[in-house]
Structure formats: structure tokens, C-alpha cells
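Work through the exercises below with the sequence and the coordinates open. Each task is followed by a solution in steps.

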Amino acid sequence: MKTIRVTGGILLVIAIAAVAGPWLSPNDYVTTDFDAILAAPSAQGSHWFGTDNLGRDLFVRTMLGIRVTLMVAIVASLVSLVIGVAYGAIAGYVGGRVDAVMMRFVDTLYALPFIFFVILLMVAFERNFLLIFVAIGAINWLDMARIVRGQTLGLREREFVEAARLTGVSTPRIVLRHIAPNLLGIVIVYVTLTIPQAILVESFLSFLGLGVQEPQTSLGTLVDAGVAQMEQASWTLLIPASLLALILMCFNFMGDGLRDHFDARHDR
Amino acid sequence: MSLLDVTGLSIRYDGQAVVDGVDLFVERGESVGLVGESGSGKSQSALAILGLLPARAQVSGSIEFDGQQVLGADDALLDRLRARRIGMVFQDPMQALNPYLRIGVQLRQVLVAHGLAAGRDADARVIEALTRVRLPDPERQFRAFPHELSGGMRQRVMIASALIAGPDLLIADEPTTALDVTVQAQILELLEEIRDNTALLLITHDLGIVAGHCEHMIVLEKGRLVDAGPTTSVFASPRHAHTRTLLEAAPRVDRGEVPAPVDGRTLLAVEAASVQYRDRGGALLDAVNDVSFAVRQGETVAVVGESGSGKSSLVRAMLGLVPMASGKVVYAGEPLEGPVQHRARERRRDLQLVFQDPVSALNPQMRVRSIIEEPLLVHEKGIGSAERLGRVTAMLDKVGLEAAFLTRYPHELSGGQAQRVAIARALVLEPRILVCDEAVAALDGSVRKQVLDVLRSVQDEAGLSIIFISHDLAVVRSISHRVLVMYAGRLVEVAGNDDLFASPLHPYTRALIDSVPVPDPVVAPKAAPLRGETPSLIDPPSGCVFHPRCPRSDETCASKRPRLREIRGTRVACHYPLDR
């Protein structure tokens, strides 16, 4: 419980800062301050995190980046969670031919090259912020479905499920009371793996120019830009990179804590 | 000087003692039994002798082997001792053998690693060792992979591997627990044979094995030594209360009270049931072949047989958990058809099942209260939560657990407590028939006795009928009214408890009874009554399925399938039944 509270608290503070921060600053995220190009963090001109090579305020840009990064991560993970769990649980519990057809469809999607798929989306629907979420979620749910299906397949054969069937417990109730709670641990662990993965994929796409477009930004984009300037202006790399690391770490620790909390077998 | 001299052995994990001040001596050529229930520290003690405990175990005391201190010795000394001076046989030979190496290669490794032999010479000694443990056709098995051998043959290979370097001491940790009773008898006989110069430290929970095969015995309870001495005197006058409990909890197959027959009306009848499975190659195999039986109200019917005899498949088909290829089930005058989820709810509540492994039979994410409550939520929707709680608590009380258990999770229960919760769940709907599929097989002797007492008292109170599947004939004798004996999917004998155990008609039944070790050192162990193991169901023997192993078989048995016929109240499928 303690880990969940601490990491959840840190994430909450970061999220609130990302939403409210830009209002507190007199600067915005596009305007160039010609007096302060690549300026170090200082109260001068309220550039608390300094500025980048175009003289844009890094505090506001970082807060904006966190917003985008968190949104990408959470929405992509939710998409993969909902589709993956429902798909995997149905395939695993129904089994037989339904399972075979559903899983071959997953295999087919696996065979699609990811980057090709994203480029295709961009071409077809023009550049759209939402598409990044869809693209990342659309890839991650495949793994989730496979994992959930494998677990369900194992659980379905367990004797306590058999005992429930023998007693006359209905199928929806078996899935809800006997299968789902036993899936929770692995699903939570997998989601905590998905969130950092989504964040990394987003920054990779942005780097290729397929993701967030300037002047919009994300933590990944800021880190990429920071790398180029790290010798003259280390803060352009250090600030977004340490925030990114902090966020990833918090998600990982929170995942561990949640798993322990939900898993009755774990001694509390 | 003793060959093995252990004094004041203590093993701790994080300060928690699992073995506490145990003394143990084994003389040359002697056989010593180390007895105790699960968690008594018997296996830990054995591992300590071989220096095989994990590094985090804190060991103190003294372990001298042939005058040399083993405890804290360097790896070089331990390497010289293991295999060459001390051989070890584990419980599960499939776990102890490498599945990717041929038998011969694995055994040769022992010789080569210790520099005892190499090349042709090593091969010859491996064949010699395999011959010594009476492995049929040793030259061929030399090239076989572990999965190609049966369980009994694998354990023979393990014993050959432990003996190949000619050790002075053989440590066997539950060497027959994973085997069928007729195969167990063969392995115990083999352990007797090979003991010309080798001392034996036999770790077991089965007092029958100790009584028949060990000169001395040591009883452990929760890591402490509670009784030790010559086997005959420990059995005759146990000093410690725990030893007495163990002895009282060990049922005997050869004597003791048996339940009187029950004369109720027929409640359930299974008629000409057959169950077929497909193996991985797609071949059809008959798991159950044309089996009929009936259960009366208030009666306990035991189904016995070795693994692969079809006893579980029979009841699972009856309950609708696996499809029945042919035959029918009639319950209270009405047919029960189709898979369980298609059967009428009211019918389902009347037949309940208790599984072998209580840990996997209980949902790990549900508390005891929810587990026992669930059947009530399904079948008795009208009752309020207070009444429901009352019935759950009453049920818990009936199986001997306090209300404090309501909020526990399954992992917080011991094996016996978990099995009692599983029984409570099965009984909360007041079923008419309870099927127990090896329900007490995984439990320690004293806990088993408690669980059996619960079943008996519920039967007396509510007139419950019980179908009791078990491979343990001594337990069957103590609880059942009638017994069905199955072999390779077929029914070979059906008789009342008294008749069956006093004078069985089928040679297989006789052999099963004679294979059970009797927990009494005065009764000399019988020679293993059967050779070989149960046949393959894909290609069963012609005529009588039992004829290849039967001491009485002739050409008729090999060609003609015997039908079940009635002889003085017993149904038996044999051309040459034993005299009564």
C-alpha cells in the first residue's frame, strides 16, 4: 500500500503540475525570447527550466511534453487493456474453433510491420494526434491478448473452475468471479510494462517525424532535442530526461505495488 | 563406530528451525527408517547429510560419515562422498532424470565424473548395474530416453544410478510414493535385494514400509526427534504421544473393523458406461470399458485400481465433466444426460465432487466464506445474507473449523484445513451423493483420519451416499461398504467390503491387497505378487486384460474376454476365480 501511495502521489503531483504549470508561467510554448537563447535555468524572464536553441521557454514546453506523454501512455495502455483482455479472455474461455480463428487473426496482425502500418495510417488519415494513441494501442493489445488467453486457458482447466461448473455457477459468473480475479495480477504487471513501452514508442515515432509535430512536443521529443545540445546546455537534456525516468520508475513501482495489493496470495 | 553418525543436527532458515537437535545413527549394512509427516524435517535432514542444502540454510551439529566430518566440509570431500560413498534416490524419477539424455549416458556420467571407469568398461558397468536392478532388456534400455520408460522402470534406473559406484549408504527419499502399489512392492523388494553391503536410510511417511523393511526407525515431529529405536519395539511400545497418533492413524489392510453393509434403496445407477479419449497421435483409447454399478442411499462405494485403471474417468463421465461414449446414468429414477452445464440445476446440487488437491480446488482469490457461500448464491437465491452466513458457519463447524476461518484465503490454510473447506463447499447444498476423487491421498495420516471422520459423521447424520475413489486399499477398507476393483478401464470385481478383503475372487484383487505394506513389524512383508506394470490402453492385451501379469492365466485367458459373473454375492470377471 505504501508504494502505491508514494508513487501514485508523485505521479499525481507531476500530472497536476503539467496541467496547471503553464498558467503560472508568463511565457508560452512557441514564442521566442531573443534575449535568452539557450539560457540556463533562472528567474530571469521566468525561464525556470531555461530555454532551448530557439529561445522558447523550457518550463512550459516540458509541462506540455509531460501532458502529451502521459496521455499517449495512458490512452494507449487503456486501448490495449480493454481490447486485449476482452479478446484474450473470450478466446481462452470459449476455446476450440473460436479460439483458433481468433488467435490466427492475432498472428496475422503480428506479421504486419509496425512502422509500415503507422505510415499507412498517417497517409490515409493525415497527421492526427489521436492516431498515435490508436497506433500504439493497436500494437500492444496483441501481446496482451496472447498473455490473457494463455492464462485463461490454464485457469479454465483448474479444479476450482470445474467445481464451480459442477455446482451450477453460470458462465458469466465463472468468468467474473473465478477467471478475472486470477488474471488481475498478470494484467496489471503487463500494463505497467506497456506504459513505459508506449512512452518509448511515442518518442521514437516523434524522432522519425511521424509523431508529435512541432511546435507541439512530448518528453521524448525534448530529450531528443536535448541530446543535440547537451554539451553547451546540459539542462535541455537533464530536466526532461530525469522527469521521464521518474515517471517510468513511478509506473513500474506502482505496478509492483498494485500486483501485491490485488494478489491475495501475497502476504500483506 | 557407526557408518553415519549425526548428532544434534539443527537446520534453520532465517532463524526458523526446521530441524532441531536430531540424532541419527546408521550402522554398516543396516536399514533405518526416518518417519514423519510433511514438515517434520525428514527430507531436510537427508539433504544436510549430502551437503545439498541451499546456502541460506544455517546448519549446526555434527554429521560424521565413516569417521569424517561432513558438515562444513569442502566441495572436494563432498564430491568424493556423493555417489561414491553415499547414493541418493529421490521421490520423482522423472524430475531426477534429464529428459534429453539417454539412460546409458546419464549413468555413465556417474562413473566418468568420479574417474571410476571410462569407454567400453563404463558401458559394461552401466549394463551390469541395470541388470542388477532387474530392468528388463538392459541393453535396449541403455539407449532409451527417460520418457520411454514406465514410472517403475525409471525408479529402477535411479536406483541403478545411485548404486553404480558401489556406495556404502543409500539414502532413499520417499522412493515409492509416486508409484502404484504393485510397483511399490516390486521396488521395495529390489531395495531388499541390493542390500548385501549397502546400508539404507529410508525416508517415508508410510509406517507399513518401515515395519516391513527397516530394522531401526526414527520418528520426527516438526523437526524434533520424538522416538527412536528398533522398529519392533517402537511399534510395540511407542514412547511419545505423536508416535502413538501416527500408529493409530495408519489403517491396516489385513485386519480391523469394517463398516457393516448398508441396505438402502438404489439411488444412482451407471449402466454400461464407456469413456474414450484420443491420445496425441489421434488413436482412440478406452479409458473406461462397459462399466455398470449402483450406489444405494447412505452407502459408501469405493472404486479402487492403479493409475490408468479409469476410476477417475468413470466418475467424471458420470458427473458430466467428460463425455460418455456410451452407456447411461440413472439418478433417482431419472436419466442424467449430457455435459454438466446442460443438466438441470436441481440435479446438479445433488451430486458433488471433492478433488484430490485441495489447493488447486479452491480459488486463491476468494475467502473461505465466499467459497462456501457460492453454491448457496446459485441455488438458494431466496435466503438473506444473515441466514447464508449462518449456514456457512454451521457447515464450517461440521467439518471441524472455527468461524475464524471465514475470512482466510486458501493459501493461509494447511492441506487438511483446505480439504475440509472443499468438503464444506461440496456439502453446503446437502447433496445426496458425494464423489471423493482421491480426496485424502495428499493428506498426512493424522489429518486423513480427521477428514474421514468428518465424512463418516455426515453420512450417519444425513444418509449421504459416497463414491470414494482411492488407490489406498487400507483406507478403502476402513471406510467403504462395497468395493469396485478396476483394471485397465474394466471392472474386474465388485464385492462387499468384508468379502473382498477376506477372500477376494479375482487374482488382481488378491495381488493388490498383498501389495499393501502392513504397519506391523510382526507381519513379514509378502513377496511382490505381480511383475510388470499396467498395460497400455491404446493396445490392450487380448482376452482378459490382466492375463499377461496373472499367475493363473492360460490360453483361454489370452483369447477369451471374461464376463462379469456372480459367485456368492460377488461379481467377478475371471475365468479361474480364486477359491473362497
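**Exercise 1. Chain A and confidence**

How many helices and how many strands does chain A have? State also the confidence of both chains in this predicted model.

Solution.
- Step 1. Chain A has nine helices and zero strands. Its pattern along the sequence is accordingly written α-α-α-α-α-α-α-α-α.
- Step 2. Along the principal axes, the C-alpha atoms of chain A fill a box of roughly 80 × 45 × 30 Å.
- Step 3. The mean pLDDT of chain A is 83, with 96% of its residues at 70 or more. Within chain A, helix H3 (residues 96-111) has the highest confidence, at 90, and helix H4 (residues 114-125) the lowest, at a mean of 74.
- Step 4. For chain B the average pLDDT is 89, and 100% of the residues score at least 70. Here the lowest confidence is in helix H3 (residues 93-96) of chain B, at a mean of 82, and the highest in strand S13 (residues 300-304) of chain B, at 95.
- Step 5. The model as a whole scores ipTM 0.78 and pTM 0.82.

**Exercise 2. The sheet of four strands in chain B**

Give the strand order of the open sheet that four strands of chain B form, and find its edges.

Solution.
- Step 1. The order is S2-S1-S4-S5 in chain B, and the pairing is antiparallel.
- Step 2. Strand S2 (16-26) and S5 of chain B each have a single partner strand, so they stand at the edges and one side of each lacks a neighbour in the sheet.
- Step 3. Helix H1 (residues 42-49) of chain B packs on this sheet and touches S1, S2 and S4 of chain B. The direction of H1(B) makes about 115 degrees with that of S1(B).
- Step 4. S1(B) and S2(B) are joined by seven bridges in the antiparallel sense. In this pair, B:Arg12 stands opposite B:Ala17 in S2(B).
- Step 5. Strand S1 (residues 4-13) and strand S4 (residues 57-65) of chain B run antiparallel and share eight bridges. B:Thr7 has B:Ser62 in S4(B) as its bridge partner.
- Step 6. Two bridges connect S4(B) with strand S5 (residues 68-69) of chain B, again antiparallel. B:Phe65 is paired with B:Gln68 in S5(B).
- Step 7. S4(B) and S5(B) form a hairpin with two residues between them. B:Asp66, in the turn, has a positive phi of about 55 degrees.

**Exercise 3. The sheet of six strands in chain B**

Which strand order and which kind of pairing does the open sheet of six strands have?

Solution.
- Step 1. The strands of chain B follow the order S6-S7-S8-S3-S9-S10, with mixed pairing.
- Step 2. The edges are strand S6 (86-89) and strand S10 (224-230) of chain B, because each has a single partner strand and is left without a neighbour on one side.
- Step 3. On average, neighbouring strands of this sheet are turned by 15 degrees against each other, direction ignored.
- Step 4. At the S10(B) edge, strand S9 (residues 216-221) of chain B pairs with S10(B) over six bridges in the antiparallel sense. B:Leu220 stands opposite B:Leu225 in S10(B).
- Step 5. Helix H7 (residues 151-163) of chain B packs on the sheet, touching S6 and strand S7 (169-173) of chain B. Its direction makes about 165 degrees with that of S6(B).

**Exercise 4. Two helix pairs in chain B**

Classify the packing of H15(B) with H17(B), and that of H11(B) with H18(B).

Solution.
- Step 1. The axes of helix H15 (residues 368-379) and helix H17 (residues 415-427) of chain B come within 7 Å and cross at roughly 25 degrees.
- Step 2. Angles under 35 degrees count as roughly parallel, so H15(B) is roughly parallel to H17(B). Their crossing is right-handed.
- Step 3. H15(B) contributes B:Val368, B:Ile371, B:Ile372 and B:Pro375 to the contact, and H17(B) contributes B:Val421, B:Ala424 and B:Arg425. By class, this contact has six nonpolar, no polar and one charged residues.
- Step 4. Helix H11 (residues 241-249) and helix H18 (residues 445-462) of chain B pack at an angle of about 55 degrees, with their axes 8 Å apart. H11(B) is therefore oblique to H18(B), and the crossing is left-handed.
- Step 5. B:Thr245, B:Glu248 and B:Ala249 in H11(B) meet B:Gly445, B:Ser446, B:Arg448 and B:Lys449 in H18(B). The residues of this contact divide into one nonpolar, three polar and three charged.

Technical notes. Residues are numbered from 1 along each chain as its sequence is written. Chains are lettered from A and ligands numbered from 1 in the order in which they are written. This is a predicted model: local features need pLDDT of at least 70, side-chain atom pairs count only at pLDDT 80 or more; totals for chains, interfaces and linings use all residues. Side-chain values use heavy atoms; hydrogens and water are left out. Two strands pair if DSSP finds at least two bridges between them. Axes are lines fitted to C-alpha atoms, for helices over the stretch in contact, and angles run from 0 to 180 degrees between N-to-C directions. Contact means heavy atoms within 4.5 Å. Angles under 35 degrees count as roughly parallel, over 145 as roughly antiparallel, 65 to 115 as roughly perpendicular and the rest as oblique. A crossing is left-handed if the near helix is turned anticlockwise from the far one by less than a right angle, and right-handed if clockwise. Ala, Val, Leu, Ile, Met, Phe, Trp, Tyr, Cys and Pro count as nonpolar, Asp, Glu, Lys and Arg as charged, and the others, Gly among them, as polar. pLDDT is the predictor's confidence in each residue, from 0 to 100.
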